[in-house]
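Trainee: I am new to this one. Could you walk me through it, please?

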Amino acid sequence: MVWYTTKLQSGVNDIYNESLKINGIFDNVIVSVSKKLMQLELEAMLQEEVKEDNVITVTMESKGVFNSKIYCYMEKDLVVKMINDLTRGEPILEGEIDLYLKEYLNVICGRAISEINNIVGVASRFSVPDIFQGYKETEDCYEQKEEFMYGNEFGMLKLIVIYMFEENKKS
């Protein structure tokens with residue numbers, strides 16, 4: 001399977017009142033949270049071959065003025081590196097890996113949605129993340145779709161944000 005996306009420049013898509021830039025918000029948050037929380041240096045990537053069975057998928061949704069489904073795909077070697085760095089090599093239980101990954105996406109989405117809320121002036125909320133072994137297909141249930149691909153020597157991370165703004169919930 002080939003994951004493919006292109007690195008979009010910040011400011012390419014003006015979505016909401018020509019001031020909200022989903023690309024820039026998620027791009028900045030992914031890179032900064034990965035570096036600060038997970039001690040993980042990620043670089044934007046254009047294309048990479050990935051085996052579906054070597055992926056962990058974490059998903060979540062947001063509701064409110066910003067409705068979205070968010071999919072985070074991570075190669076297992078990258079996950080091992082992230083968890084090992086967080087725990088400083090201390091052994092952890094299998095179930096704890098899920099907790100770390102859910103919290104990682106929770107922080108990314110929380111910061112991104114907080115920025116979106118500040119710009120639009122109306123709060124949106126997000127769900128508790130779900131985790132799946134393998135590649136979970138996206139549901140194209142909203143109008144807009146943004147894809148972000150990052151990687152390093154340990155593996156790839158792909159984030160897909162499928163979203164729409166609900167006009168009648170603007171303040």
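Mentor: Gladly; here is a short round of questions and answers. This is a predicted model, where local features need pLDDT of at least 70, side-chain atom pairs count only at pLDDT 80 or more, and totals for chains, interfaces and linings use all residues. Residues are numbered from 1 along each chain as its sequence is written, and side-chain values use heavy atoms, with hydrogens and water left out.

Trainee: Which residues of α2 are buried?

Mentor: Helices (H or I, at least four residues) and strands (E, at least two) are DSSP runs, numbered from the N terminus. Helix α2 covers residues 76-87, and its cover includes α1, β4, β5, α3, β8 and β9. Buried means under 20% relative accessible area with a 1.4 Å probe, protein chains only. By that cut-off, the buried residues of α2 are L78, V79, M82, I83, D85 and T87.

Trainee: Which residue of β9 does M149 stand opposite?

Mentor: Strands pair if DSSP finds at least two bridges between them. β8 and β9 are antiparallel, with 9 bridges, and a hairpin of 2 residues connects them. Opposite M149 stands K158.

Trainee: Which element gives the largest share of the largest nonpolar core?

Mentor: A nonpolar core is a set of buried Ala, Val, Leu, Ile, Met, Phe, Trp, Tyr and Cys residues joined through side-chain atoms within 4.5 Å. The largest one has 40 residues, and Y104 is among those with the most contacts inside it. Elements giving two or more residues include α1, α2 and β9. The largest share, 10 residues, is from α3.

Note on methods: The expected span of a helix is 1.5 Å times one less than its number of residues. Buried means under 20% relative accessible area, exposed over 50%, partly exposed in between (1.4 Å probe, protein chains only). Contact means heavy atoms within 4.5 Å.
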